[in-house]
Amino acid sequence: MILKVAQLGHPVLRKKAEPVPLEKISSPRIQGLIQDMLETMEEYDGIGIAAPQVHVSLQLALIGSQGSPRYPKAPKVPFTVLINPKIKPVSSHKEVDWEGCLSVEGLRGQVPRWRSVEVEGYNAKGEWFRFRADGFHARVVQHEWDHLQGHVYLDRMPDLTTLCYMKEFARYWADD
Ligand code: NI
C-alpha cells in the first residue's frame, strides 16, 4: 500500500523516533510497514525513506536504488532495511553534495556529510548487522538516520544559499 508522505511542518518529522522492540520485528505490523514503505519509496522515486516520513515514529528506515530518475547521476545504493540503526564517522572527512527529500518537496540543497560511516543495526529478519558505507551510500544512510532523530537535511546546511527549486536546479546546477 502506498502511504502518504508527511511534509515539512508535520510534527512527526521533528520527534525522535522510538526504537523498534526486537521481538516485534517479525510481527505483521512491522513487516507490513516495511512492505508499505518500500512501495511508497518506489512510487515517489525515493532512494531512502524513514518511518516518521509515513507518520510512524519508529527507528526504521529503508535505503536502496538501482538508479533513480530523481537522482540520475547518483551511484546505486544497495537495498537495506535499517532498524534501530547507529552510525559513527570512520574519519573526520566531510563532503558536500546535493540532497532532496520526499518530505521537503521540490527543493534541493548542498549538504556536508561524513564521507564514510560505520552503520550497525538490525535487518528485516531481526538479524544484527554492521557495515561501512562510503560516498553517496554514506550520505543516504546519514540522511535517513537524521530523520529518525527528528532532523531534515535543511538542519545540516551551514547556510541556505544553495537551496533551490527543482526547476532551477535542473537549469543551473544539475551539471555541477
Ligand atoms: Ni528525507
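**Figure 1. Lining of the largest pocket in this predicted model.** The lining residues of the largest pocket divide into 10 nonpolar, no polar and six charged. The pocket holds about 340 Å³ of space. In total, 16 residues line the largest pocket. Closest to its centre are Tyr-71, Lys-73, Ala-74, Phe-169 and Ala-174. Helix H3 (166–173) and strand E4 each supply at least two lining residues. H3 gives the most, with three residues.

**Figure 2. The nickel ion and its protein donors.** Three residues donate to the nickel ion: Cys-101 through SG, His-143 through NE2 and His-147 through NE2. These donors lie 2.1 to 2.2 Å from the ion. Along the chain, their spacing reads C-x41-H-x3-H. Cys-101 sits in strand E4 (residues 94–101), and His-147 sits in helix H2 (residues 135–149), so the pair ties together parts that are 46 residues apart in sequence.

**Figure 3. Burial at the nickel site.** Are Cys-101 and His-147 buried or exposed? The cut-off for buried is under 20% relative accessible area. Cys-101 has a relative accessible area of 4%, so Cys-101 is buried. His-147 has 1% relative accessibility, so His-147 is buried too.

**Figure 4. Helix H2, from its span to the residue that follows.** H2 has 15 residues. At 1.5 Å a residue, H2 should span 21 Å. Its end C-alpha atoms are 21 Å apart, which agrees with the expected span. H2 is mostly covered, with 14 of its 15 residues buried. Gly-150 follows H2. The phi of Gly-150 is positive, near 90°.

**Figure 5. Strand E3 and its pairing with E2 and E6.** Strand E2 (residues 60–65) runs antiparallel to strand E3 (residues 77–89). Five bridges join E2 to E3. Leu-60 stands opposite Ile-83 in E3. E3 also pairs with strand E6 (residues 116–122). This pairing is antiparallel and has five bridges. Here Ile-87 stands opposite Val-119 in E6.

Note on methods. Residues numbered from 1 in each chain as written. Predicted model: local features only at pLDDT ≥ 70, side-chain atom pairs only at ≥ 80, totals over all residues. Heavy atoms only, no water. Donors = N, O, S within 2.8 Å, 3.2 Å for Na, K, Ca; no water. Helix = DSSP H or I, 4+ residues; strand = E, 2+ residues; numbered from the N terminus. Buried < 20%, exposed > 50% of the residue type's maximum accessible area, 1.4 Å probe, protein only. Expected span 1.5 Å × (residues − 1). Pairing = 2+ DSSP bridges. 1 Å grid on protein atoms, 1.4 Å probe; cavity = no way out; pocket = protein on both sides within 12 Å on 5 of 7 lines; lining within 4 Å. Points joined across faces, edges and corners; volume = space filled by probe spheres on them. Nonpolar A, V, L, I, M, F, W, Y, C, P; charged D, E, K, R; others polar.
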